[in-house]
Amino acid sequence: MAKIGIFYGSTSGVTEEIATALHEKIGEELCDIYSMEEDYDEYSQLLDYDYLLLGCSTWGAGEVQNDWREPLFDMDIEKPDFTGKTIALFGAADQVSHGKHFAGALQIMCDHFEKLGATVVGEFPIEGYSFEHCSAVRNGKFVGLPIDEINQSDLTEDRITQWVETLRPIFLGEESSVLLAA
């Protein structure tokens with residue numbers, strides 16, 4: 001069974017908390033977890049995994065979190081081949097204070113990795129969110145899982161559980177789904 005890699009960038013700790021929750025929910029024996037600030041050296045680490053969960057919070061006018069800027073820039077120049085890699089995206093975002101650019105980092109990440117050949121999975125329903133604009137909405141769903149700990153922290157656990165359930169057959173296969181914690 002291919003191992004899953006979780007890579008996240010986190011400034012205020014929220015995306016780190018999401019990554020940790022995903023690590024626990026999927027199963028620590030099934031996936032490795034890396035902080036982009038502390039554990040990441042080069043994009044070859046990402047290529048070691050067939051399945052990736054990439055966490056990036058949205059900052060300012062829909063920008064990626066600082067820990068992702070240099071790696072994305074390096075990959076834009078070197079153009080590594082992510083063909084055959086399956087990626088799911090998640091991250092913290094604020095739908096009230098940044099409602100015009102809600103979860104924009106998810107779209108930047110999605111575009112970036114699709115351009116390098118990856119298959120992006122893990123879309124999430126927009127129902128229950130309230131924002132003005134979100135570039136990360138495609139075909140009526142988010143391209144990944146946005147978590148708003150500032151305005152909807154009471155929904156975080158259920159959203160993470162729901163998202164992991166949609167990833168289960170993709171990342172672990174139907175026969176392995178019993179390994180995921182409920």
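What radius of gyration does the protein have, and what would a compact globule of 182 residues have? The structure is a predicted model, in which local features need pLDDT of at least 70, side-chain atom pairs count only at pLDDT 80 or more, and totals for chains, interfaces and linings use all residues. Residues are numbered from 1 along each chain as its sequence is written, and side-chain values use heavy atoms, with hydrogens and water left out.

The protein has a radius of gyration of 15 Å, which agrees with the value near 16 Å for a compact globule of 182 residues; the radius is taken over C-alpha atoms, and the globule rule is 2.2 Å times the number of residues to the power 0.38. Along the principal axes, the C-alpha atoms fill a box of roughly 40 × 40 × 30 Å. Of the 182 residues, 53% are buried (under 20% relative accessible area, with exposed over 50% and partly exposed in between; 1.4 Å probe, protein chains only). The fold holds 5 helices and 11 strands, assigned as DSSP runs (helices H or I, at least four residues; strands E, at least two) and numbered from the N terminus.

Two aspartates illustrate the loops. Asp-39 lies between β2 (31-35) and α2 (44-47) and counts as partly exposed because its relative accessibility is 32%. Asp-154 sits in the loop between β11 (145-147) and α5 (156-171); this residue counts as exposed, since its relative accessibility is 63%. The C-alpha atom of Asp-154 is separated by 17 Å from that of Phe-131, 23 residues apart along the chain.
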